[in-house]
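Work through the exercises below with the model open. Try each task before reading its solution.

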Amino acid sequence: MINISKPSIGKEEIDAVVNVLKSGMIAQGPKTKEFEQEFAKFAGVKYAVAMNSGTAALHAALYAAGVKENDEVITTPFTFIATANSILMQNAKPVFADIEEDNFNIDASQIENKITKKTKAILAVDLYGHPYAYDDVKEIADKHGLKIIEDACQAVGADFNGKKCGSLGDIGTFSFYATKNMTTAEGGMLTTDNEEYAELAKQLRHHGQSEKVRYEYFGLGYNYRMTDINAAIGLEQMKKINEWNKKRIDNAAFLSKRLGKIKGIKVPAVQKNCTHVFHQYTIIVKDDFKMKRDGLMEHLKQKGVGSGVYYPKPLHLFKHISKFGYKQGDFPVAEKLSQQVLSLPIHPQLTKEELETIAKAFEEI
Ligand SMILES: *Cc1c(COP(=O)(O)O)cnc(C)c1O
């Protein structure tokens, strides 16, 4: 079976973990600090704050940006649940705007009529590794005095006009979950140029304490700390991420060349001036394709090709979110695409033969 994802763990990562285990410093310590410094450089920001998950980073981002009870945050309904859950963690309301069919990200032209007096921020997602429409969204945010939080959990290394994902907003967030383009097993990172936001994120991570004064609590905090075991893995992964992303981009070019010729299949588009790092390679199975999406999935499975649906149900239809007054029909593009998207293996460990197997499995239909 050709798996939809596969973590790349080499001898370097294993040795780095063993060294931390032998060092006597296994919780948050010097390796975490080093990882933060390296990651800040990579993402082109002044500050990076390591977290134990991408969800923790998102929560800390909303907290640091001052999102509070009864505030509204505009976001996309077509993303992983953690994006919207982080808004709920601050007791704020997720307000959705529909997405663009062309790149699956929030449609900037749908944002302005969702803005109210309560709107505090826009939470934009770089879905599948494609940057959100930074210039259009930024223009709206600036005009209305809104903050932008960027969920770059799928977009490590991607960029918009040379500006790295994670720096395309007031605060950026990353996930290093096992399936992401780079991993620390579990882990996350918050990125920002704003010193105060970085400080607030560090407090939330550490039970509400400043790192300078122990046992002085500035408010409710959590334990969102990363361990040096995870950070040591992250430091090794950082040395390889550019090469891996390049492989993903090459694999995507190969598949698009072959699948792009097939009637009823729409291959992923890359918007002008954007680098897409293909966390997912996601096609649209249109109505005029010979099979329905789920039938195609079954056919691929029989040919030894794994695939996945990200995501089968838009977020406004889940009970704990629909209670804000959402229903089927509210976001037609997201609803339609949730029935038509299919993600194919694209990870950097794929061989030429495996890529050929994937392409052939389509061509024979
Ligand atoms: C993976 C992911 C998250 C959550 O990250 P975790 O590390 O699993 O908590 C949030 N948003 C998006 C878009 C993701 O892909």
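The exercises cover salt bridges and pockets in this predicted model.

**Exercise 1.** Classify the salt bridge between Lys 336 and Glu 101 by its place in the chain and its exposure.

*Solution.*
- Step 1. Check the contact. The N to O distance is 3.2 Å, and the cut-off is 4 Å.
- Step 2. Place the partners. Lys 336 sits in helix α11, Glu 101 in the loop between β3 and β4. The pair therefore ties together parts that are 235 residues apart in sequence.
- Step 3. Assign exposure. Lys 336 has 39% relative accessibility, so it counts as partly exposed. Glu 101, at 29%, is also partly exposed.

**Exercise 2.** Do the same for Glu 38 and Lys 41, which form a salt bridge.

*Solution.*
- Step 1. The N to O distance is 3.3 Å.
- Step 2. Both residues belong to helix α2. They are 3 residues apart, about one turn of the helix.
- Step 3. Glu 38 is partly exposed at 34%. Lys 41 is exposed at 61%.

**Exercise 3.** Describe the second largest pocket: its volume, its lining and the element that gives the most to that lining.

*Solution.*
- Step 1. The volume of the second largest pocket is about 250 Å³.
- Step 2. Its lining has 15 residues, with Lys 33, Glu 36, Ala 48, Lys 202 and Glu 211 closest to the centre.
- Step 3. Elements giving two or more residues are α2, β1 and α6. Helix α2 gives the most, with 5.
- Step 4. By class, the lining has 5 nonpolar, 4 polar and 6 charged residues.

Note on methods
Residues are numbered from 1 along each chain as its sequence is written. This is a predicted model: local features need pLDDT of at least 70, side-chain atom pairs count only at pLDDT 80 or more; totals for chains, interfaces and linings use all residues. Side-chain values use heavy atoms; hydrogens and water are left out. On a 1 Å grid over the protein atoms alone, a cavity is a set of points where a 1.4 Å probe fits but cannot get out, and a pocket is an open set with protein on both sides within 12 Å along at least five of seven lines; lining residues have an atom within 4 Å of a point. Grid points are joined across faces, edges and corners, and a volume is the space filled by probe spheres set on the points. Helices (H or I, at least four residues) and strands (E, at least two) are DSSP runs, numbered from the N terminus. Ala, Val, Leu, Ile, Met, Phe, Trp, Tyr, Cys and Pro count as nonpolar, Asp, Glu, Lys and Arg as charged, and the others, Gly among them, as polar. A salt bridge is a side-chain nitrogen of Lys or Arg within 4 Å of a carboxyl oxygen of Asp or Glu. Buried means under 20% relative accessible area, exposed over 50%, partly exposed in between (1.4 Å probe, protein chains only).
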